[in-house]
Amino acid sequence: LLSRLLLIPRGQKFVGHNPDGTNGITWTGKYGIAGIDVLEKPVYADAMNEKGLVAGLFYHPGFAEYLDYDPSMADSSMGPTDVMQYILSNYASVPEVKENIDKIRVVNVVEEALGFPPPIHLLVSDPTGEQIVIEWDKGKIKVFDAPLGVITNAPTYDWHMTNLRNYVNLSPVAIPAKKIEELDFGPLGGGSGMIGLPGDFTPPSRFI
């Protein structure tokens with residue numbers, strides 16, 4: 001992704017992107033940001049602002065659905081790649097993000113390097129340990145509390161949390177030996193409590 005370290009100072013003036021090339025929402029950042037960009041553009045993948053608010057951008061193909069662009073609402077619109085800068089330059093805590101995130105309209109702005117609007121969702125956390133996941137479904141912003149502090153990619157966050165129920169048997173504690181009539185059966189080595197833990201690279205397995 002050709003990532004670089006990117007610093008944006010407090011007081012920076014930002015302009016959101018619209019599909020027709022006009023300016024979207026504009027704002028002046030309250031807080032400085034440090035993080036890692038992508039595609040040699042001022043687009044953060046992972047970053048922290050000076051108040052300790054942290055956000056990470058994650059791929060969400062097939063599930064992220066943004067609003068269709070309405071030119072009459074251009075001044076409140078932005079593209080998916082503007083959201084990280086908006087959050088980190090404006091807010092100091094997760095409660096602030098939750099209270100204000102629905103004030104923006106995220107619309108389908110094509111990223112030239114990809115050829116389509118980037119399908120993303122975000123994990124946001126603050127120094128208190130409070131964490132949320134932000135997603136877009138049919139244009140509507142959905143915010144989920146994320147007490148586990150874990151995110152991967154597709155599908156949606158609530159699906160991942162439901163899928164955890166399939167793995168409630170997993171345990172760091174070894175399975176005890178069993179005796180059946182005159183036979184003794186014990187685990188073959190350590191880690192028997194983790195039998196069934198998926199080990200592939202898919203997002204659902206990585207979430208588990």
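Okay, let's start with overall size: a compact globule of 208 residues would come out with a radius of gyration near 17 Å, but our protein chain has 21 Å. Before I go on, keep in mind that this is a predicted model. If you lay the C-alpha trace along its principal axes, the chain spans about 80 × 35 × 35 Å.

So what's in there? I've got 4 helices and 13 strands for the protein chain. Buried residues account for 42% of the 208. The exposed surface is about 11600 Å², and 58% of that is supplied by carbon and sulfur atoms. For the charge people: there are 16 positive and 25 negative side chains, and the centres of those two sets sit 4 Å apart.

How do the contacts spread along the sequence? Take the ones between residues at least 6 apart: 64% of those join residues at least 24 apart.

Now some strands. E1, residues 5-8, is joined to E4, residues 33-38, by 4 bridges, and the two run antiparallel. If you want a spot to click on, Ile-8 stands opposite Ile-33 in E4. E4 also pairs with E5, residues 41-49, again in the antiparallel sense, over 6 bridges. There you can look for Asp-37, which stands opposite Tyr-44 in E5. E4 and E5 make a hairpin with 2 residues between them, and Leu-39 in that turn has a positive phi of about 60°.

And while you're staring at strands, a quick general reminder: in a regular strand, side chains alternate between the two faces of the sheet.

Next, helix H1, residues 83-90. Is H1 mostly covered or mostly uncovered? Mostly covered: 8 of its 8 residues are buried. The list includes Val-83, Met-84, Ile-87 and Leu-88, and also polar-looking names such as Gln-85, Ser-89 and Asn-90.

Let me pick on one residue for a minute, Lys-13. You'll find Lys-13 in strand E2, residues 13-17. Why does Lys-13 count as exposed? Because its relative accessible area is 65%, and the cut-off for exposed is over 50%. Leaving out residues up to four places away in sequence, Lys-13 touches Trp-27 and Thr-28. For a sense of scale, go from Lys-13 to Met-194: that's 181 residues apart in sequence and 50 Å apart in space, C-alpha to C-alpha.

Last bit: backbone oddities. Which two residues are joined by a cis peptide bond? Ala-154 and Pro-155, with omega at about 0°. Pro-155 is found in the loop between strand E11, 140-145, and helix H3, 157-163.

Then a couple of positive phi values. Leu-2 has phi near 55°, which is positive in a residue other than glycine. Leu-2 is in the segment before E1, and it counts as exposed because its relative accessibility is 55%. Further along, Glu-181 isn't a glycine either, but has a positive phi of about 55°. Where is Glu-181? In the loop between strand E12, 178-180, and strand E13, 183-185. Glu-181 is exposed too, with a relative accessible area of 71%.

If you only open three places in the viewer, I'd go for the E4 and E5 hairpin, the buried helix H1, and the cis bond between Ala-154 and Pro-155. That's me done, thanks.

Definitions and conventions: Residues numbered from 1 in each chain as written. Predicted model: local features only at pLDDT ≥ 70, side-chain atom pairs only at ≥ 80, totals over all residues. Heavy atoms only, no water. Rg over C-alpha atoms; globule rule 2.2 N^0.38 Å. Buried < 20%, exposed > 50% of the residue type's maximum accessible area, 1.4 Å probe, protein only. Contact = heavy atoms within 4.5 Å. Areas by Shrake-Rupley, 256 points an atom, 1.4 Å probe, with all protein chains shown as cover. Lys, Arg positive; Asp, Glu negative; His and termini not counted. Charge placed at Lys NZ, Arg CZ, Asp CG, Glu CD. Pairing = 2+ DSSP bridges.
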